[in-house]
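Take a look at the chain below. Where do its helices meet, and what sits in the loop that links them?

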Amino acid sequence: MAGKAIEKRPEVDPRDEPSAEWGWHGSFPKATRIAGWVSVVILLLMIKGNHENNTENVWLIGLAAFLALLLVLDFRKRRTAWRK
């Protein structure tokens, strides 16, 4: 029966996390993901501009691709989190 017992998480100590004292303790995962995708779109929209050469474009595309990769990895981790 010990293997089937539900493990209870310890309560948050207000000394460690002061925000728990006034009732909020967490993050904004959905808003963070939306902001990430909006940032990718903005970076790609910035390609159209008055650039003299393609150095700026390489950086914009590289940063957008890196950010998109992180968001896809986060989506994959979130999707398979219940398996662990």
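What follows moves from the annotated segments to the core, and then to one loop residue.

This is a predicted model. Start with the record. An unreviewed UniProt entry carries the annotation "transmembrane region" for residues 34-51 and 57-75. In the model, residues 57-75 are 100% helix and 0% strand. Their end C-alpha atoms lie 27 Å apart. Residues 34-51 are 67% helix, again with 0% strand. Here the end C-alpha atoms are 28 Å apart.

Now turn to the packing. Six residues form the largest nonpolar core: Val40, Leu43, Leu60, Ala64, Ala68 and Leu71. Both α1 and α2 contribute, each with at least two residues. The largest share, four residues, comes from α2.

Leu60 is a good residue to follow out of this core. Beyond four places in sequence, Leu60 touches Leu43, Met46, Ile47 and His51. Leu43 is itself a core member. His51 leads to the loop.

His51 sits in the loop between α1 (29-45) and α2 (55-79). Residue 51 is also where the annotated stretch 34-51 ends. Is His51 buried or exposed? Its relative accessibility is 28%, so His51 counts as partly exposed; buried would require under 20%, and exposed over 50%.

Which residues does His51 contact, outside its neighbours within four places in sequence? They are Met46, Glu56, Asn57 and Leu60. With Asn57 there is also a polar contact: the two side chains are joined at 3.0 Å. Thus the loop residue His51 has both Leu60 of the core and Asn57 among its contacts.

Technical notes:
Residues are numbered from 1 along each chain as its sequence is written. This is a predicted model: local features need pLDDT of at least 70, side-chain atom pairs count only at pLDDT 80 or more; totals for chains, interfaces and linings use all residues. Side-chain values use heavy atoms; hydrogens and water are left out. Buried means under 20% relative accessible area, exposed over 50%, partly exposed in between (1.4 Å probe, protein chains only). Contact means heavy atoms within 4.5 Å. A polar contact is a pair of N or O atoms within 3.5 Å; within protein, one must be able to donate a hydrogen and the other to accept it, and residues adjacent in sequence count only if both atoms are side-chain atoms. UniProt positions are given in the numbering used here, feature names are shortened, and annotations may be inferred rather than shown by experiment. A nonpolar core is a set of buried Ala, Val, Leu, Ile, Met, Phe, Trp, Tyr and Cys residues joined through side-chain atoms within 4.5 Å.
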